[in-house]
Amino acid sequence: MLSQYLYISTAPNLSRDDVDSILKASARNNPERGITGLLIYNWRNFLQLLEGEESALVALMVRIGNDSRHTGISILDRKAIEQRSCPGWAMKR
């Protein structure tokens, strides 16, 4: 089942290198897991839209939840979808 998650988290102490590292890892790992989406960061909060198979998204959300670089993760929306909103995006810069 194809799903979409939208979450927000707090990460006020990240450097530009930290953000670049997250983007590089996402761009490398997400395509092999069938995950697409977008990532917005305003130097305090992440807002991320993730799309993919439900099992892949659950596993990714567990990894995100265990990542000490950000806290206060709140899932704003979680739903089944018929098609992706960001089919060609793997968290590109």
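Helices (H or I, at least four residues) and strands (E, at least two) are DSSP runs here, numbered from the N terminus. With that in hand, Leu49 is found in strand E3.

The model you are looking at is predicted, so local features need pLDDT of at least 70 and side-chain atom pairs count only at pLDDT 80 or more, while totals for chains, interfaces and linings use all residues. Residues are numbered from 1 along each chain as its sequence is written, and side-chain values use heavy atoms, with hydrogens and water left out.

## Residues one by one

Let us start with how open some residues are. Buried means under 20% relative accessible area, exposed means over 50%, and partly exposed lies in between (1.4 Å probe, protein chains only).

| Residue | Place | Relative accessible area |
|---|---|---|
| Gln4 | strand E1 (residues 2-10) | 9%, buried |
| Leu49 | strand E3 | 13%, buried |
| Asp77 | strand E4 (residues 71-80) | 32%, partly exposed |
| Arg69 | loop between H2 and E4 | 36%, partly exposed |
| Trp43 | loop between strand E2 (36-41) and E3 | 42%, partly exposed |
| Glu82 | segment after E4 | 83%, exposed |

Trp43 deserves a look at its backbone: its phi is positive, about 70°, although Trp43 is not a glycine.

## Strand E1 and its partners

Gln4 counts as buried because its relative accessibility is 9%. Its side chain makes a polar contact with the side chain of Glu51, at 2.9 Å. A polar contact is a pair of N or O atoms within 3.5 Å; within protein, one must be able to donate a hydrogen and the other to accept it, and residues adjacent in sequence count only if both atoms are side-chain atoms.

Which residues surround Gln4, leaving aside its neighbours within four places in sequence? Contact means heavy atoms within 4.5 Å, and by that rule Gln4 is in contact with Leu49, Leu50, Glu51, Leu57, Asp77, Arg78, Lys79, Ile81 and Ser85.

Seen from the other side, Asp77 touches Gln4, Tyr5 and Leu6, not counting residues up to four places away in sequence. Asp77 and Tyr5 are 72 residues apart along the chain, yet their C-alpha atoms are separated by 5.7 Å. For Leu49 and Leu2, 47 residues apart in sequence, the C-alpha to C-alpha distance is 13 Å. Glu82 and Met1 are 81 residues apart in sequence and 8.7 Å apart in space, again C-alpha to C-alpha.

## The nonpolar cores

A nonpolar core is a set of buried Ala, Val, Leu, Ile, Met, Phe, Trp, Tyr and Cys residues joined through side-chain atoms within 4.5 Å. The largest one has nine residues: Tyr5, Tyr7, Ile35, Leu50, Ala56, Leu57, Leu60, Met61 and Ile64. E1 and H2 each supply at least two residues of this core, and the largest share, five residues, comes from H2.

Leu57, one of these core residues, is in contact with Ser3, Gln4, Tyr5, Ile35, Leu50, Glu51 and Gly52, leaving aside its neighbours within four places in sequence. There is also a second, separate core of eight residues, which includes Ala11, Leu14, Ile22 and Tyr41.

## The largest pocket

Rolling a probe the size of a water molecule over the atoms shows where empty space is left. On a 1 Å grid over the protein atoms alone, a cavity is a set of points where a 1.4 Å probe fits but cannot get out, whereas a pocket is an open set with protein on both sides within 12 Å along at least five of seven lines; lining residues have an atom within 4 Å of a point. Grid points are joined across faces, edges and corners, and a volume is the space filled by probe spheres set on the points.

How much space lies in the largest pocket? The value is about 350 Å³. Of the 19 residues that line this pocket, the closest to its centre are Ile22, Ser26, Leu60, Ile64 and Arg69. Helix H1 (16-33), strand E3 (45-53) and helix H2 (54-65) each supply at least two lining residues, and H1 gives the largest share, eight residues. By class, the lining has eight nonpolar, six polar and five charged residues. Here Ala, Val, Leu, Ile, Met, Phe, Trp, Tyr, Cys and Pro count as nonpolar, Asp, Glu, Lys and Arg as charged, and the others, Gly among them, as polar.

Arg69 touches Thr10, Ala11, Leu14, Asp18, Ser21 and Ile22, not counting residues up to four places away in sequence. A polar contact of 2.7 Å joins the side chains of Arg69 and Asp67. The C-alpha atoms of Arg69 and Asn13, 56 residues apart along the chain, are separated by 8.0 Å.
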